[in-house]
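Work through the exercises below with the sequence and the model side by side. Each task is followed by a solution in steps.

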Amino acid sequence: MTDWVLLVGAIALGACIGSYLNVLIHRLPARVLSDRPVHFPARSFCPACGKPIPAWLNVPVFAWLLLRGRAACCGARIPFRYPLVEALTATMYGLVFAVPPSGLHLVRAEWDWEAALAFGLHAYFLGNLIANTFIDLDHRILPDRLTLSACAVGILGSLFVPGIAGSLGTPLPPASDSLLTAIVGAVAGAGSTAGIRWLGTVAFRRQAMGLGDVKLMAAIGAFTGWQGVLVTLFAGSLLGALVGTWHRLRTGEAEIYFGPFLAVGAVVALFLRVPLLRFLLEDLPEWQRSSPAAPWILLVTAGLCLVALFVLLRRGRAT
Ligand SMILES: [Zn+2]
């Protein structure tokens, strides 16, 4: 019963934080470029006509639906982006509450301060990823203020919630092992991404990834450990390749930016890294050993993927 109340609370909190993220996404890039502090006014104003917005019209998602996407004061269109960010954040917060991210073995019955702190840290991490995603989509930057602070919060937080980023299984006390896991994760994230960036620059003679991606991956590693880095890079590149190909087919542009894909990969890593790695490292080899049809099924699947990729590439060249 109380779980339902808390779940609704988590979703409502997510919607409010999403509303705050909209302002941050809108204002932070300009402040970063001019190096001024971000200022949040106590009241909100219509960006189109400058009139103050009454509090009841600031209710996330519902206000947008109620107004059918137009400002009450002047009828200016309110981009769909606003309710989208709010709904996305609300969904993520509900998920973090209902399905504790893998790697963290907290029993739901024990809703204590540690579980609450874990929820707070993951909520911060997801909000940070959402802000980074939309700022990168808009301006092609991942601000240091977001990526580096997420890295610091992840490493510090691991001290207070042992095992939040997983465990290296060292004989150290839980807090020290947890801290070491987060630091190793951050170093693995930054190191592997810097390596890919260097390889990409050498191979394609142009910058494949930015330094912002390196810092973002350090933050992702601090929150999800080195296993999370692996899953993030895998899921992020897979998604990036698919969306990049589709984007190229539609627009002919070859340019791709990684921030949003890394963020989606990080969400996959946060919730699914333990089952995914178990499947890849244990279940799949086991299935291959036990079933005589397994190699053929894998071969046919790989062949179909190759044909699909070939068709995509051919069509890409034709357009
Ligand atoms: Zn207005």
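The chain follows the pattern α-α-α-α-α-α-α-α-α when read along the sequence. The model is predicted.

**Exercise 1. The chain as a whole**

Task: State how many helices and strands the chain has, and what share of its residues is buried.

Solution.
- Step 1. The count gives nine helices and zero strands.
- Step 2. Of the 319 residues in the chain, 36% are buried; the cut-off for buried is under 20% relative accessible area.
- Step 3. The accessible surface of the chain is about 18,200 Å², and carbon and sulfur atoms hold 70% of this surface.
- Step 4. Take the contacts between residues at least 6 apart in sequence: 67% of them join residues at least 24 apart.

**Exercise 2. The zinc site**

Task: Identify the protein donors of the zinc ion and assign the geometry of the site.

Solution.
- Step 1. The protein donors are the SG atoms of Cys 46, Cys 49, Cys 73 and Cys 74, at 2.3 to 2.4 Å from the zinc ion.
- Step 2. Along the chain, these donors have the spacing C-x2-C-x23-C-C.
- Step 3. The angles among the four donor atoms are 100 to 120°. Four donors count as tetrahedral if all angles lie between 85 and 135 degrees, so the site of the zinc ion is tetrahedral.
- Step 4. For reference, the ideal angle for four tetrahedral donors is 109.5 degrees.
- Step 5. Now check two of the donor residues for exposure. Cys 46 has a relative accessible area of 7% and is buried, whereas Cys 49, at 34%, is partly exposed.

**Exercise 3. The buried side of H5**

Task: For helix H5, compare its reach with the expected one, list its buried residues and say where around the axis they lie.

Solution.
- Step 1. H5 spans residues 144–160, which is 17 residues. From first C-alpha to last, H5 reaches 24 Å, close to the 24 Å expected at 1.5 Å a residue.
- Step 2. Buried in H5 are Leu 146, Thr 147, Ala 150, Cys 151, Gly 154, Gly 157 and Ser 158.
- Step 3. These residues are on the same side of H5, because they cover an arc of only 140° around the axis.
- Step 4. The general background is that an α-helix has 3.6 residues a turn, so residues three or four places apart point the same way.

**Exercise 4. Two arginines with positive phi**

Task: Locate Arg 68 and Arg 140, and decide whether each is buried, partly exposed or exposed.

Solution.
- Step 1. Arg 68 sits in the loop between helix H2 (62–67) and helix H3 (81–98). Its phi is positive, about 50°, although Arg 68 is not a glycine.
- Step 2. Arg 68 is exposed, with 74% relative accessibility.
- Step 3. Arg 140 belongs to the loop between helix H4 (113–139) and H5. Phi of Arg 140 is also positive, near 60°.
- Step 4. With a relative accessible area of 41%, Arg 140 is partly exposed.

**Exercise 5. A glycine in H7**

Task: Place Gly 240 in its helix and give its distance from Phe 261.

Solution.
- Step 1. Gly 240 is part of helix H7 (residues 211–251).
- Step 2. Its relative accessible area is 5%, and Gly 240 is buried.
- Step 3. Gly 240 and Phe 261 are separated by 21 residues in sequence and by 5.8 Å in space, C-alpha to C-alpha.

Note on methods: Residues are numbered from 1 along each chain as its sequence is written. This is a predicted model: local features need pLDDT of at least 70, side-chain atom pairs count only at pLDDT 80 or more; totals for chains, interfaces and linings use all residues. Side-chain values use heavy atoms; hydrogens and water are left out. Helices (H or I, at least four residues) and strands (E, at least two) are DSSP runs, numbered from the N terminus. The expected span of a helix is 1.5 Å times one less than its number of residues. Buried means under 20% relative accessible area, exposed over 50%, partly exposed in between (1.4 Å probe, protein chains only). The arc is that of the directions from the helix axis to the C-beta atoms. Contact means heavy atoms within 4.5 Å. Accessible areas come from the Shrake-Rupley method with a 1.4 Å probe; for residues, only the protein chains shown count as cover. Donors are N, O and S atoms within 2.8 Å of the metal (3.2 Å for Na, K and Ca); water is not among the atoms, so sites may look incomplete. Four donors count as tetrahedral if all angles lie between 85 and 135 degrees; four count as square planar and six as octahedral if opposite donors are over 155 degrees apart and all others between 65 and 115; anything else is irregular.
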